[in-house]
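I opened this notebook to record what I looked up, strand by strand and ring by ring. The entries follow the order in which I checked things.

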Amino acid sequence: MADAREFDLVLFGATGFVGKLTAEYLAGAAPESARVALAGRSLDKLTSVRAGLGPKAADWGLVVADSTDQTALDELAARTKVVVTTVGPYLRYGMPLVAACAKAGTHYADLTGEPLFIRDAIDAYHDQAAATGAKIVNSCGYDSIPSDINVYQLYRRSVEDNTGELVDTTTVASLKGGASGGTIDSGRAMMEAIAADPAKGKVLSHPYSLSPDKSRDPDVGRQSDQALSRASAIDPSLDGWVSTFVMAAHNTKVVRRTNGLLGWVYGKNFRYREVMNAGRSRLAPLIAAGMAGGIVAAMTVGALLSRSSAGRKVLDRVLPEPGTGPSEEARASGWFTMKTFAHTTSGTKYVATFAGTGDPGYQATAVLLGESGLCLAFDGDKQPDLAGILTPAAAMGDALADRLRAAGMTITVDRA
């Protein structure tokens, strides 16, 4: 990639809710010498956002571009080393920017939790991005960096200790925070796509639907994201109950794709799942059962309503608006902890921890996305030598983990 490009990093969608939070983070975290620009549809709104970021951002560039204007996106991508985008749902609005970055050899990071979008991007642009040297990195927020980096760190530790390949591996999610309007709208976009083409449902249901080479997928039997069990079944140190984690179906696919992109280094019998901590109270089993059943019911009802214009109007009335989010106080009070319990072929047990403060879907995600963009822009010599449609761990590896530790997040691996 040419060093002569005008910008190091362009934030596309800077006037949206998460875009503004990411811009605020970059204003504090980017090096003084970083050449940053804000991009979006409205020059007036971009100017207003920049004015609120303080003197460090006073000279940042402003780029007007619409997600549907391929020419404008091509020009944007050609001007910068990295594009960070918060413009979703990506299934509706994201592919033209992926096309522009793949063509220009421009690195890219997004927040997608949409396997259908990633599968389409792989099929359409992986080979071109690999040829131009572009790292197109999906899911660089709470979905799915903590999951992906935890398992990658476990792999690195098992190699260091010479304890064999990873086998049964489970992540237990604990968090305080809510789903954003954007996240819910992404779910709607996928349900509408499946309503139009039911065959796409297999991308959501198959554990290896994002695999780079299905002929080499581990043959470990059925893997399900549905859960309702005692936590001690995962590890004796855990108490209470676990249930279905709403993002498990996406995160597990990302982790498995990382394994494939790295040459299936996690192991030929690597089995992975994610669950959510449901607590230890007497009502925990009922809460866990309700969570598991509620997710299935919500997806079923959403899919049915998405099949008709009348049903979509119902969803418009009852679901949060895209671009909305909690108050600053609520964002600050949130937190998350992801603990990943792993066994290796030698019988060694490890536990990896990835924890952070701030609402996972907003405040913490702004940090995760911002540091991903900075990593792609400035840490190229420390990253795996891969290009194409990538995952966070496969694209950035230890370089991203080191950045996130420096940003205040906890990332550790201990022998259990």
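Entry 1, a bridge in the sheet. I looked up Val351 and found that it stands opposite Asp414 in E14, where strands E12 and E14 run antiparallel and are joined by 6 bridges. I take strands (E, at least two residues) and helices (H or I, at least four) as DSSP runs numbered from the N terminus, and I call two strands paired if DSSP finds at least two bridges between them. I note here that this is a predicted model, in which local features need pLDDT of at least 70 and side-chain atom pairs count only at pLDDT 80 or more, while totals for chains, interfaces and linings use all residues. Residues are numbered from 1 along each chain as its sequence is written, and side-chain values use heavy atoms, with hydrogens and water left out.

Entry 2, the other side of E12. On checking E11 I found 9 bridges joining it to E12, again in the antiparallel sense, with Lys339 having Thr353 in E12 as its bridge partner. E11 and E12 form a hairpin with 4 residues between them, and Gly347 in the turn has a positive phi of about 90°. E12 is mostly covered, 7 of its 9 residues being buried (under 20% relative accessible area, with exposed over 50% and partly exposed in between, using a 1.4 Å probe and protein chains only).

Entry 3, the mixed sheet. These strands belong to an open sheet of 7 strands in the order E8-E9-E10-E7-E11-E12-E14, with mixed pairing. Its edge strands are E8 (228–230) and E14 (410–415), each of which pairs on one side only, and neighbouring strands are turned by 25° against each other on average, direction ignored. Further along, E9 (residues 241–244) and E10 (residues 271–279) pair in the antiparallel sense over 4 bridges, and there Thr244 has Val275 in E10 as its bridge partner. I then looked for a helix on this sheet and found H7, which touches E7 (166–176), E10, E11 (335–344), E12 (349–357) and E14, its direction making about 145° with that of E12. For such angles, axes are lines fitted to C-alpha atoms, for helices over the stretch in contact, and the values run from 0 to 180 degrees between N-to-C directions; contact means heavy atoms within 4.5 Å.

Entry 4, the parallel sheet. A second look-up gave an open sheet of 7 strands in the order E3-E2-E1-E4-E5-E6-E13, with parallel pairing. E3 (61–64) and E13 stand at the edges with a single partner strand each, so one side of each is left without a neighbour in the sheet. The twist averages 20° from one strand to the next. E1 (residues 7–12) and E4 (residues 80–85) pair in the parallel sense over 5 bridges, and Phe7 stands opposite Thr80 in E4. H14 packs on the sheet, touching E1, E4, E5 (107–109) and E6 (135–137), with its direction at about 165° to that of E4.

Entry 5, rings. Which two helices does the pair of Phe17 and Tyr362 link? A search of the whole structure finds 8 aromatic pairs (ring centres of Phe, Tyr or the six-membered ring of Trp within 6.5 Å; planes under 30 degrees apart are stacked, over 60 edge-to-face, the rest tilted). Phe17 and Tyr362 form an edge-to-face pair, 5.3 Å centre to centre with 80° between the planes. This pair links distant parts of the chain, with Phe17 in helix H1 (residues 17–29) and Tyr362 in helix H14 (residues 360–378), 345 residues apart. Phe17 counts as partly exposed because its relative accessibility is 24%, whereas Tyr362, at 3%, counts as buried. The rings of Tyr152 and Tyr155 have their centres 6.1 Å apart and their planes at 55°, so this pair is tilted. Both Tyr152 and Tyr155 are buried, and ring pairs link them with Tyr266, Phe270 and Tyr272 into a cluster.

Entry 6, a residue after H14. Asp379 lies in the loop between H14 and E13 (388–390) and counts as buried because its relative accessibility is 8%. Leaving aside residues up to four places away in sequence, I found that Asp379 touches Leu374, Ala399 and Arg403.
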